[in-house]
Structure formats: C-alpha cells, structure tokens
Amino acid sequence: MISSYCRRCASTSASNPAAWARNTLPGGFTSDGLKHYGLLTNFGQESLEQLKSQEVRRRRRQLDDDTNQPYVDLFSKRISDECSDYLKSQASPSDVLARAFFGSKHFMPERMILTPMHLLSGESSTSIPSSFQVKERFLQWTVVCKSPLELILSWQVSNVKGVTMLAFDPALRKAYHGNCINVTEKALDKPLAATGLQLHKTYAQFLLDGMVKELLSTKTNM
C-alpha cells in the first residue's frame, strides 16, 4: 500500500515544492507499507480501483497470514544537505530519483544487458524518461504508482514478479530503495536461496549507493 506519507504529499500541489516539503512528516516509508501494496495489487499487476470490494477484503486477510508472506526489503541512505535541497526544489523529486537510479554507473551493466532485449521486442522504452508517468514502461519496469516523493514500478520475469520502490524523505534527508517479490520468506530459508538472497541485498544496496552518487553528480554539474 502506498504510504499515508506518500498520499499526503500527492494531495499537495506539485507546482509548489516548498509547500509539500513543509507538510511532510518523517518516517513515512516502511517495508510493511511496500509489502501491503504488493499483496493488495498482485505486485503491481492490478489496480486497487478495479478490484471488487470482496477481493480487496480477501487480500487484506492475507496480510495477517504469517505462513505466506512475500520477501520485502527497504534500504535507505542519508544524502547531503545540498542534494536534499536540490530534490526539494524539484516539482517531482521522484522523477529525479528514477533518472538517477536508472542512469547511474552502478545500474549501467544491467541496463546494457536489458536494452538489446527490449529493442528487439519494442514493447517498452529503452531511453530513460524525463518524467515517469503511470503505465509507462521502461525496460523491464512499468510505473504503477507515483507521488512527488515516491515511485513504485512493477516487473515480471516468467512466474516471478515484484515491485521496486524509490523514495525521498525531505524531513529525514534520506533516499530509499525497496523491493517486494512474490517469493515467500519460507522458500528463502533453503541454503541456495539464502545465498541468492544475500547477493540480491548486496546488489540492491549497491544500486541505492549508485543513485545517491548520481544525484550528487547531477547537483555538482548544474
């Protein structure tokens, strides 16, 4: 579920960044919030607005099923005052985050692998958008939820699907990168899966570091 923090930000005018920056509260982004969003929307494949109320209630009951919880993570990194002020000055900090994330040197090897595949299929853009709009596709990802401070994208490879979240908390001066995947925590207890999970966590943190470095580079070169 997109955080209440994000909903508050989305309800303010994007044309007045200073206004939404003043109205935000710290601590609005949580792994539980991302997990709830993933479960309720079938990992971004469905819209809550299109689901019948009975199905929404059924999925909400799943949230309390401790035996069938999906994997979720959320990493954060403190950014400099200069970077924070730069993001606050933007009408849509979430767009700036996404451009930094996908345009970073840390993401470049993955981008080089995925780009030829999507050039051939022609099903999604291979150029980083200037603005990430809901339903827009970039490489493996589709934008499913957006506010000035948070962007959630869905992806699917065969039977594995998940959501990727990028966010900025101006009160805490932190950038976030989170993931929720339709693989149960129980399935990840096996030795081979546990090794893969550790690699994923290391890579996710690496991508977050790359995004923050790219933000700093963008700010410095302005």
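**Charged side chains: pairs and a patch**

User: How many salt bridges does the structure hold?
Analyst: Keep in mind that this is a predicted model. Side chains of opposite charge can pair when their charged atoms come close. Counting the salt bridges across the structure gives a total of seven.

User: Let's start with D32 and K35. Where do they both lie?
Analyst: The side chains of D32 and K35 meet in a salt bridge, at 3.9 Å from N to O. The two residues are three apart, about one turn of the helix. That helix covers residues 31–40, and its name is α3.

User: And K35, is it buried or exposed?
Analyst: The cut-off for buried is under 20% relative accessible area. Its partner D32 has 42%, so D32 is partly exposed. K35 has a relative accessibility of 11%, so K35 counts as buried.

User: What about R59 and E46, how many residues apart are they?
Analyst: R59 forms a salt bridge with E46, and their closest N and O atoms are 3.0 Å apart. This pair links distant parts of the chain, with R59 in helix α4 and E46 in the loop between α3 and α4. Along the chain, they are apart by 13 residues.

User: What is the relative accessible area of R59?
Analyst: Take the partner to begin with: E46 is partly exposed, at 28%. R59, on the other hand, is buried, with a relative accessible area of 7%.

User: E55 and R58 meet in a salt bridge too, so what is the N to O distance?
Analyst: E55 and R58 sit three residues apart in helix α4, so about one helical turn separates them. E55 is partly exposed at 23%, and R58 is partly exposed as well, at 38%. Their side chains meet with an N to O distance of 2.7 Å.

User: Which residues are linked in a network of salt bridges?
Analyst: We've met two of the pairs already: R59 with E46, and E55 with R58. These pairs belong to one network. Its members are E46, E55, R58 and R59.

User: Now the surface. Which residues form the negative patch?
Analyst: To join a patch, a residue needs over 30% relative accessible area and no salt bridge. D64 has 64%, so D64 passes the area cut-off. The negative surface patch is made up of D64, D66, E185 and D189.

User: Where does D64 lie?
Analyst: D64 is exposed, because its relative accessible area of 64% is over the 50% cut-off. On one side is α4 (53–62), on the other β1 (70–78). D64 lies in the loop between α4 and β1.

Note on methods. Residues are numbered from 1 along each chain as its sequence is written. This is a predicted model: local features need pLDDT of at least 70, side-chain atom pairs count only at pLDDT 80 or more; totals for chains, interfaces and linings use all residues. Side-chain values use heavy atoms; hydrogens and water are left out. Patches are made of residues with over 30% relative accessible area and no salt bridge: like charges are joined within 9 Å, nonpolar side chains (Val, Leu, Ile, Met, Phe, Trp, Tyr) within 5 Å. Accessible areas come from the Shrake-Rupley method with a 1.4 Å probe; for residues, only the protein chains shown count as cover. A salt bridge is a side-chain nitrogen of Lys or Arg within 4 Å of a carboxyl oxygen of Asp or Glu. Lys and Arg count as positive and Asp and Glu as negative; His and the chain ends are not counted. The place of a charge is taken as NZ of Lys, CZ of Arg, CG of Asp or CD of Glu. Helices (H or I, at least four residues) and strands (E, at least two) are DSSP runs, numbered from the N terminus. Buried means under 20% relative accessible area, exposed over 50%, partly exposed in between (1.4 Å probe, protein chains only).
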